[in-house]
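Q: I am new to this structure and would love a close look at one part of it. Could you pick out a helix and walk me through what surrounds it?

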Amino acid sequence: MLLKLCNCGKKIPYELGRCEECQARHDQYKQESDKTYNNKRDDKYTKFYKAKEWRAVRETVKQMSSNLCCRCLANKKITAAKICDHIVPLRIDWSLRLTISNLQMLCLSCHNQKSFEDKRNYG
């Protein structure tokens, strides 16, 4: 069996991302940060992201992009996408919320970078 080192230094099977202890800590952190994030989000947006229409459009965009990050692809890098992002943010133009041409798949790194750009551009 092929092994690698977890961030904590333990040897783990190559296919795993983390050891059990690190995964448990990560899951706990994620759960807490999701609660904090969702509490900051307006109910209108929370309802939208839970809606069947959004999930269907997001899945369409995901399939169209082969679930690859479009910014990474533009830089000749292949990266799995994690987030379906609104090019023009919802808070700027709510009417574009389900418009496929206003959506793009991004990896976490590119999404964080775009969020920073959005704050700079839109306030």
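A: **A close look at helix α3**

The buried residues of α3 are Trp-54, Val-57 and Val-61. Viewed down the helix axis, these buried residues fall within an arc of 70 degrees, so they line one face of α3. In general, an α-helix has 3.6 residues a turn, so residues three or four places apart point the same way. Please keep in mind that this is a predicted model.

Now for the helix as a whole. Helix α3 covers residues 52–64, which makes 13 residues. From its first C-alpha to its last it reaches 18 Å, close to the 18 Å expected at 1.5 Å a residue. On the other side of α3, away from the buried face, Lys-52 and Gln-63 are exposed. Just after the helix comes Ser-66, which takes a positive phi of about 55 degrees.

What do the buried residues of α3 pack against? Their partners are α2 (43–50), β3 and β4 (103–106). Let us follow some of these neighbours in turn.

Start with Trp-54, on the buried face. Its relative accessible area is 2%, and because buried means under 20%, Trp-54 counts as buried. Trp-54 forms an aromatic pair with Phe-48, with 5.1 Å from centre to centre and 45 degrees between the planes, an arrangement described as tilted. Phe-48 is buried as well, with a relative accessible area of 7%. The structure holds 5 aromatic pairs, and ring pairs link Tyr-45, Phe-48, Tyr-49, Trp-54 and Trp-94 into a cluster. One of these rings, that of Trp-94, also has a charge over it: the charged end of Lys-44 sits 4.4 Å from the ring centre.

Next, turn to β3, another packing partner of the buried face. Strand β3 spans residues 83–86 and contains Asp-85. The side chain of Asp-85 meets that of Lys-114 in a salt bridge, at 3.1 Å from N to O. Lys-114 lies in helix α5, so to speak across the sequence from Asp-85: the pair links distant parts of the chain, 29 residues apart. Are these two charged residues buried or exposed? Both are buried, Lys-114 with a relative accessible area of 3% and Asp-85 with 7%. Asp-118 joins them, and Asp-85, Lys-114 and Asp-118 are linked in a network of salt bridges.

Helix α5 has a further salt bridge to show. Arg-71 pairs with Glu-117, the closest N and O atoms being 2.9 Å apart. Arg-71 lies in helix α4 (residues 70–74) and Glu-117 in helix α5 (residues 108–122), so this salt bridge ties together parts that are 46 residues apart in sequence. Unlike the buried Lys-114, Arg-71 is partly exposed, with a relative accessible area of 23%.

To put these bridges in context, the structure holds 4 salt bridges. Among them is the one between Lys-10 and Glu-21, whose closest N and O atoms are 2.8 Å apart. Lys-10 sits in the loop between β1 (3–5) and β2 (11–13), while Glu-21 belongs to helix α1 (residues 20–40). Here the partners are partly exposed, with relative accessible areas of 39% for Lys-10 and 42% for Glu-21.

Back at α3, the picture to keep is a helix with one face lined by buried residues, packed against α2, β3 and β4, and with Lys-52 and Gln-63 exposed on the other side.

Definitions and conventions. Residues numbered from 1 in each chain as written. Predicted model: local features only at pLDDT ≥ 70, side-chain atom pairs only at ≥ 80, totals over all residues. Heavy atoms only, no water. Helix = DSSP H or I, 4+ residues; strand = E, 2+ residues; numbered from the N terminus. Buried < 20%, exposed > 50% of the residue type's maximum accessible area, 1.4 Å probe, protein only. Expected span 1.5 Å × (residues − 1). Arc of directions from axis to C-beta. Contact = heavy atoms within 4.5 Å. Phe/Tyr/Trp six-rings, centres within 6.5 Å; stacked < 30°, edge-to-face > 60°. Lys NZ or Arg CZ within 6 Å of the ring centre and 35° of its normal.
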